[in-house]
Amino acid sequence: MLEPFEAEVRAKGLSDLFNFKTDTASYEKVVKPVEGLKSISITFMVVVIILGSIILLLLASISIRERKYEIGVLRAMGMKKAEVAIGLWFEILTITCFCLVIGLGVGTVATQPVSDMLLQNQAEEAQSSTSQGAGGGNIMLGPGVMSWCQLFAVFIEILPS
């Protein structure tokens, strides 16, 4: 995207004395940690969704077992099996949607401070690795990727005391 940018600024009056070039190595050094965090967060999200689904299914089956008496009374009053099942599914879906809205709201509020802290730590890691040479300092999972202990420390820092 460097060429369209150069064409735009030249059209707006930038002199031909200025040369346009990009520092690909520095760009890759900055982008690589973010890509590492992306893969970690996607993996974490998939694990949470799978485990959450399993837990929700277990809780739903336990709930239905505990409500055997209620289901029996409804059936004795003349409700059909389909109506009882629809009522139970509607109740489960309502609770799930309510919890989903609360979870997404909390996640949306917590996302910005967490991402700011992660980005700040990644920038510090990139600067320290640049100043230390090729070694990289405290980087444990690869160039610019934080360890789980550092990630946990970031979450602890943003929690209110």
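Which residues lie nearest the centre of the second largest pocket? Here are a few notes on that and on some related points, offered with the reminder that this is a predicted model.

1. **The pocket's centre.** Leu56, Ala60, Ile92, Leu93 and Thr96 are the residues that lie nearest the centre of the second largest pocket. They belong to a lining of 22 residues in total, and the space inside comes to about 590 Å³.

2. **Who builds the pocket.** Three helices each supply at least two residues of this lining: α2 (24-66), α3 (68-76) and α4 (81-132). The largest share is that of α4, which contributes 14 residues. If you are setting up a view of the second largest pocket, you may like to have α2, α3 and α4 in the frame.

3. **Chemical character of the pocket.** Sorted by class, the lining of the second largest pocket holds 16 nonpolar residues, along with 3 polar and 3 charged ones. Among the residues nearest the centre are Leu56 and Leu93, and Thr96 is there too.

4. **Cavities.** Turning to enclosed space, the count is 2 cavities of 30 Å³ or more. The second largest cavity holds about 30 Å³. Its lining consists of Ala60, Ser63, Ile64, Arg67, Leu88 and Ile92. Two elements, α2 and α4, give two or more residues to that lining, and α2 gives the most, with 3 residues.

5. **Chemical character of the cavity.** By class, the lining of the second largest cavity has 4 nonpolar residues, 1 polar and 1 charged.

6. **Residues that appear twice.** Ala60 and Ile92 are worth a look in both contexts: they line the second largest cavity, and they are also among the residues nearest the centre of the second largest pocket. Likewise, α2 and α4 contribute to the lining of the cavity and to that of the pocket.

7. **Cysteines.** How many disulfides does a search of the whole structure find? The search returns 0. Cys97 is in no disulfide, and the nearest cysteine sulfur, that of Cys99, is 9.5 Å away. Cys99 is in no disulfide either, its nearest cysteine sulfur being that of Cys97. A disulfide calls for two cysteine sulfur atoms within 2.5 Å, so a pair 9.5 Å apart does not qualify.

8. **Exposure of the cysteines.** Are Cys97 and Cys99 buried, exposed or partly exposed? Cys97 has 47% relative accessibility and so counts as partly exposed. Cys99, at 46% relative accessibility, counts as partly exposed as well.

Note on methods:
Residues numbered from 1 in each chain as written. Predicted model: local features only at pLDDT ≥ 70, side-chain atom pairs only at ≥ 80, totals over all residues. Heavy atoms only, no water. 1 Å grid on protein atoms, 1.4 Å probe; cavity = no way out; pocket = protein on both sides within 12 Å on 5 of 7 lines; lining within 4 Å. Points joined across faces, edges and corners; volume = space filled by probe spheres on them. Helix = DSSP H or I, 4+ residues; strand = E, 2+ residues; numbered from the N terminus. Nonpolar A, V, L, I, M, F, W, Y, C, P; charged D, E, K, R; others polar. Buried < 20%, exposed > 50% of the residue type's maximum accessible area, 1.4 Å probe, protein only.
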